[in-house]
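Take a walk through this model with the coordinates open beside the text. The route passes through rings, a metal site, a pocket and some backbone details.

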Amino acid sequence: MAELRLQDGARLTELARITEYLSPLGIALHCWDLPDDKRARVLLAAQALAGPEQDELLGFVEHRFAALRAEHGYEARDLIVLHEDLPGLGEALAKFAAVHYHDDDEVRYVLAGAGYFGFIGHDGQQMLLKVTAGDYINVPARTEHWFVMGDSPRIKAVRYFSDKAGWVPVYTHTPIALV
Ligand SMILES: [Fe+2]
């Protein structure tokens with residue numbers, strides 16, 4: 001379940017309350033069921049997944065891709081699997097830890113683990129959203145945000161794309177007040 005921390009220290013855990021803060025920015029957040037198949041649970045619990053295992057796990061949530069493609073026109077999807085022993089993890093994460101936006105929506109369906117998205121409200125107040133297994137988030141194109149793993153050692157998430165070329169980060173150099 002997602003949790004939103006505001007700049008004044010308040011922590012919100014109710015989905016309805018969290019969306020009150022995210023909706024004005026056009027950000028969608030849903031809590032979806034996870035695959036309950038025994039094999040899927042094994043894959044979700046693994047630290048790392050080989051290519052065929054990633055494809056296998058994606059197969060368990062292919063109905064989500066079909067629905068998102070029909071509704072939003074997303075053309076591609078892949079699985080990211082980040083964990084504490086992944087070579088180059090620090091460099092990879094550093095690209096997204098500074099405030100940026102993309103020309104394509106940033107769409108994630110978290111299947112396991114956790115991560116944190118930072119956002120900036122229209123009043124300038126910053127907020128940090130913890131996303132965990134089952135959370136689906138759609139950050140619209142050109143919305144300022146950042147992403148960190150924080151205290152989470154692992155995350156598995158499906159990424160959905162309209163066009164991978166539109167997903168290059170454009171940095172805005174806005175200072176981050178929340179860590
Ligand atoms: Fe991003």
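Are F117 and F119 buried or exposed? Both F117 and F119 are buried. Keep in mind throughout that this is a predicted model.

Start with the rings. Across the whole structure, a search turns up five aromatic pairs. One of them joins W32 and Y136. Their rings are stacked, with centres 4.3 Å apart and planes at 15° to each other. W32 sits in the loop between β3 (28-31) and α2 (38-45), while Y136 belongs to strand β8 (residues 135-139), so this contact ties together parts that lie 104 residues apart in sequence. W32 and Y136 are both buried. F117 and F119 make a stacked pair too. Here the centres are 6.0 Å apart and the planes differ by 5°. Ring pairs also build a cluster, whose members are W32, Y109 and Y136.

Now turn to the metal. Which residues coordinate the iron ion? The donors are H100 (NE2), H102 (NE2), E106 (OE) and H145 (NE2). Their distances run from 2.0 to 2.2 Å. Along the sequence, the donor residues follow the spacing H-x1-H-x3-E-x38-H. E106 is in strand β6 (residues 106-120) and H145 is in strand β9 (residues 145-148), so these two donors tie together parts 39 residues apart in sequence.

Why is the arrangement around the iron ion irregular? The four donor atoms subtend angles of 81 to 170°. A tetrahedral label needs all angles between 85 and 135 degrees. The range of 81 to 170° makes the arrangement irregular. For reference, ideal angles at a metal are 109.5 degrees for four tetrahedral donors.

Burial can be checked for two of the donors. The cut-off for buried is under 20% relative accessible area. E106 has 5% relative accessibility, so E106 counts as buried. H145 is at 1%, so H145 is buried as well.

Strand β6 offers another stop. A112 is found in this strand. With 12% relative accessibility, A112 counts as buried. In sequence, A112 and V131 are 19 residues apart. In space, their C-alpha atoms are 9.7 Å apart.

Strand β3 comes next. L29 lies in β3. L29 counts as buried, because its relative accessibility is 4%. Compare its position with that of E84: the two are 55 residues apart in sequence, and 26 Å separates their C-alpha atoms.

Next, look for empty space. Rolling a probe the size of a water molecule over the atoms shows where such space is left. The largest pocket has a volume of about 310 Å³. It is lined by 17 residues, and those closest to its centre are I80, L82, F96, R159 and W167. Which elements give two or more residues to the lining? They are β4 (76-82), α5 (89-97), β6 and β10 (155-161). The lining of the largest pocket comprises 13 nonpolar residues and four charged ones, with no polar residues.

Finish with two backbone details. R142 is found in the loop between β8 and β9. R142 is not a glycine, yet its phi is positive, at about 70°. R142 counts as exposed, because its relative accessibility is 55%. The cut-off for exposed is over 50%.

H173 also has a positive phi, near 65°, and is a residue other than glycine. H173 is located in the segment after β11 (170-171). Is H173 buried or exposed? H173 has a relative accessible area of 71%, so H173 is exposed. Along the chain, H173 and E20 are 153 residues apart. The separation between their C-alpha atoms is 26 Å.

Conventions
Residues numbered from 1 in each chain as written. Predicted model: local features only at pLDDT ≥ 70, side-chain atom pairs only at ≥ 80, totals over all residues. Heavy atoms only, no water. Donors = N, O, S within 2.8 Å, 3.2 Å for Na, K, Ca; no water. Tetrahedral: all angles 85-135°; square planar, octahedral: opposite > 155°, others 65-115°. Helix = DSSP H or I, 4+ residues; strand = E, 2+ residues; numbered from the N terminus. Buried < 20%, exposed > 50% of the residue type's maximum accessible area, 1.4 Å probe, protein only. Phe/Tyr/Trp six-rings, centres within 6.5 Å; stacked < 30°, edge-to-face > 60°. 1 Å grid on protein atoms, 1.4 Å probe; cavity = no way out; pocket = protein on both sides within 12 Å on 5 of 7 lines; lining within 4 Å. Points joined across faces, edges and corners; volume = space filled by probe spheres on them. Nonpolar A, V, L, I, M, F, W, Y, C, P; charged D, E, K, R; others polar.
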